[in-house]
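Q: Could you take me through one part of this protein in detail? I would like a close look at the loop that comes before the first helix, and at the residues around it.

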Amino acid sequence: MFAHSSNQLQRSPGDPRHRGTILDPFAGSGTTGVAALAEGRSFIGIEQSRHYHQVASRRLEHVA
């Protein structure tokens, strides 16, 4: 299993800019992660497939 997490946007819950963290246990190509980061939220994605982990990682690098 592979995981991807965006630390750039993580903020503590007490910070007024904290908008929550999205957990996607079936990340696939990373569409949920792209949307979460675009909305200023943190994202944690989990993907079983090495291929889709690589696809999602490439997509998320361009957004984060």
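A: Here is a walk through that loop, its two acidic neighbours and the helix that follows.

A word on the basis comes first. This is a predicted model, in which local features need pLDDT of at least 70 and side-chain atom pairs count only at pLDDT 80 or more, while totals for chains, interfaces and linings use all residues. Residues are numbered from 1 along each chain as its sequence is written, and side-chain values use heavy atoms, with hydrogens and water left out.

Let's set the scene. The chain has two helices and three strands, in the order β-β-α-β-α along the sequence. Here helices (H or I, at least four residues) and strands (E, at least two) are DSSP runs, numbered from the N terminus. Of the 64 residues in the chain, 28% are buried; buried means under 20% relative accessible area, exposed over 50% and partly exposed in between, with a 1.4 Å probe and protein chains only.

Your loop runs between E2 and H1, and Phe-26 has its place there. Phe-26 counts as exposed because its relative accessibility is 70%. Leaving aside neighbours within four places in sequence, Phe-26 is in contact (heavy atoms within 4.5 Å) with Ile-46 and Glu-47. Gly-28 is found in that loop between E2 and H1 too, but Gly-28 is buried, with a relative accessible area of 19%. Beyond its neighbours within four places in sequence, Gly-28 is in contact with Glu-47, Tyr-52 and Ala-56.

Now to the acidic residue before the loop. Asp-24 is found in strand E2, residues 21-24. Asp-24 is buried yet has no salt bridge, and the nearest side chain of opposite charge, Arg-59, is 9.4 Å away. A salt bridge is a side-chain nitrogen of Lys or Arg within 4 Å of a carboxyl oxygen of Asp or Glu; for charge, Lys and Arg count as positive and Asp and Glu as negative, with His and the chain ends not counted. What does the side chain of Asp-24 reach? A polar atom of that side chain lies 3.1 Å from the backbone nitrogen of Phe-26, and a polar contact of 3.5 Å joins the side chains of Asp-24 and Thr-32. A polar contact is a pair of N or O atoms within 3.5 Å; within protein, one must be able to donate a hydrogen and the other to accept it, and residues adjacent in sequence count only if both atoms are side-chain atoms.

The other acidic residue is Glu-47, in strand E3. Glu-47 is buried and has no salt bridge, with Arg-59, the nearest side chain of opposite charge, 11 Å away. The side chain of Glu-47 reaches the backbone nitrogen of Gly-28 at 2.6 Å, and a polar atom of that side chain lies 3.1 Å from the backbone nitrogen of Ser-49. Gly-28 and Glu-47 are 19 residues apart along the chain, and their C-alpha atoms are separated by 6.2 Å.

Finally, the helix after the loop. In H1, residues 31-38, Gly-33, Ala-36 and Leu-37 are buried. Seen down the axis of H1, its buried residues fall within an arc of 95° (taken from the directions from the helix axis to the C-beta atoms), so they line one face of the helix. These buried residues pack against E2, strand E3 (42-47) and helix H2 (50-63). After H1 comes Gly-40, whose phi is positive, near 80°.
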